[in-house]
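User: Please take a close look at the charged side chains in this protein and at the places around them. I am in my first year, so explain each term as you go.

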Amino acid sequence: MLYWLEHDTSHKFKYACKDQSLQGWERHICPSCGREIATPIYTEPAPHLVLEGGRQFPDLLQFCGAGERWCLISEKALTVLEEAKLSGFNGYKQCRTESRSKVTPPEYYCLNITGQVDFDFAAMFLKKKKRCDECGQFFWNRTRMYPRFIDRSTWDSSDICRLKSIPGFIVCSQRFTETVMEYHLSGFAFSEARYNNPQQEV
């Protein structure tokens with residue numbers, strides 16, 4: 001079974017509202033298709049996060065700012081994932097944090113997720129249209145992405161994966177979810193991923 005990784009959005013938890021290392025965007029027009037390509041420009045090698053919200057610092061920190069869709073975890077969570085030998089990530093970067101809280105925040109790390117999985121396009125009646133061979137941009141044939149179905153045959157067996165077509169979505173294995181629950185890591189929420197073919201749910 002695979003699960004969507006989501007955030008516990010309880011008001012008790014802090015969240016990252018901004019990445020101070022984001023300087024701006026480099027923009028240019030693809031000469032082949034005429035679409036704009038925007039690339040974020042960072043002044044630091046790792047996120048510099050501004051923390052807002054509740055009083056508690058979660059182990060999975062939600063990021064609500066502009067720029068890359070970071071996966072931000074505490075030092076405790078990083079230690080748990082490494083000691084459990086979970087797969088699907090290769091390295092991490094230590095973040096800088098700013099918070100008005102009187103309590104010192106834990107160290108946070110930006111996880112480099114390498115695992116991959118993708119949508120079941122046929123089950124979702126989803127197609128990529130007008131894909132540019134030069135810049136890789138495309139349009140979806142529909143704006144509604146629900147219900148979401150995973151094509152398990154695209155899963156590389158990693159314990160944590162980004163969705164190949166939309167990297168902002170993260171999918172986890174059952175082993176990953178069980179590890180999170182066993183060590184009571186906070187800020188994590190999961191929902192079961194659906195498969196159009198029931199045989200893929202084994």
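Analyst: Let's begin with arginine 27, which has 48% relative accessibility and therefore counts as partly exposed. That label sits between two cut-offs: buried is under 20% relative accessible area and exposed is over 50%, using a 1.4 Å probe and protein chains only. Please keep in mind that this is a predicted model, where local features need pLDDT of at least 70, side-chain atom pairs count only at pLDDT 80 or more, and totals for chains, interfaces and linings use all residues. Residues are numbered from 1 along each chain as its sequence is written, and side-chain values use heavy atoms, leaving out hydrogens and water.

Now for the partner of arginine 27. Its side chain meets that of glutamate 36 in a salt bridge, with 3.2 Å from N to O. A salt bridge here is a side-chain nitrogen of Lys or Arg within 4 Å of a carboxyl oxygen of Asp or Glu. Glutamate 36 has 43% relative accessibility, so glutamate 36 is partly exposed too.

Right beside arginine 27 in the numbering is glutamate 26, which belongs to strand S3, residues 22-29. Helices (H or I, at least four residues) and strands (E, at least two) are DSSP runs, numbered from the N terminus. Glutamate 26 is partly exposed because its relative accessibility is 47%. Setting aside residues up to four places away in sequence, glutamate 26 touches Ile37, Ala38, Thr39 and Ile41, where a contact means heavy atoms within 4.5 Å. Isoleucine 41 is 15 residues from glutamate 26 along the chain, yet the C-alpha atoms of the two are separated by 6.6 Å.

How many salt bridges does the structure hold? There are five of them, and two more are worth a visit.

One of these joins glutamate 6 to arginine 148, with the closest N and O atoms 4.0 Å apart. Glutamate 6 is in strand S1 (residues 2-7), while arginine 148 is in the loop between strand S13 (139-140) and strand S14 (150-151), so this pair ties together parts that are 142 residues apart in sequence. Are the two ends buried or exposed? Glutamate 6, at 31% relative accessibility, is partly exposed, whereas arginine 148 has a relative accessible area of 13% and so is buried.

Arginine 148 also leads us to methionine 124, a residue of helix H2. Methionine 124 touches Phe119, Arg142, Met145, Pro147, Arg148 and Phe149, again leaving aside residues up to four places away in sequence. With 2% relative accessibility, methionine 124 counts as buried. Its C-alpha atom is separated by 9.5 Å from that of arginine 144, a residue 20 positions away along the chain.

Just after methionine 124 comes phenylalanine 125, in the loop between helix H2 (121-124) and strand S12 (128-129). Here the picture changes: phenylalanine 125 is exposed, because its relative accessible area is 66%. Its backbone is worth noticing as well, since phi is near 55°, a positive value in a residue other than glycine. Most residues other than glycine have a negative phi.

The other salt bridge pairs the side chains of aspartate 159 and arginine 175, at 2.9 Å from N to O. Aspartate 159 lies in the loop between S14 and strand S15 (160-163) and arginine 175 in helix H3 (residues 174-182), so here the pair ties together parts 16 residues apart in sequence. Aspartate 159 is buried, as its relative accessible area is 7%; arginine 175, with 39%, is partly exposed.

The loop between S14 and S15 also contains serine 157. Serine 157 has a positive phi of about 75° although it is not a glycine. At 51% relative accessibility, serine 157 counts as exposed.

Finally, let's step back to the whole chain. Its secondary structure comes to three helices and 17 strands. Of its 202 residues, 41% are buried. Among contacts with a separation of 6 or more, 69% are between residues 24 or more positions apart. Taken along the principal axes, the C-alpha atoms fill a box of roughly 50 × 45 × 30 Å.
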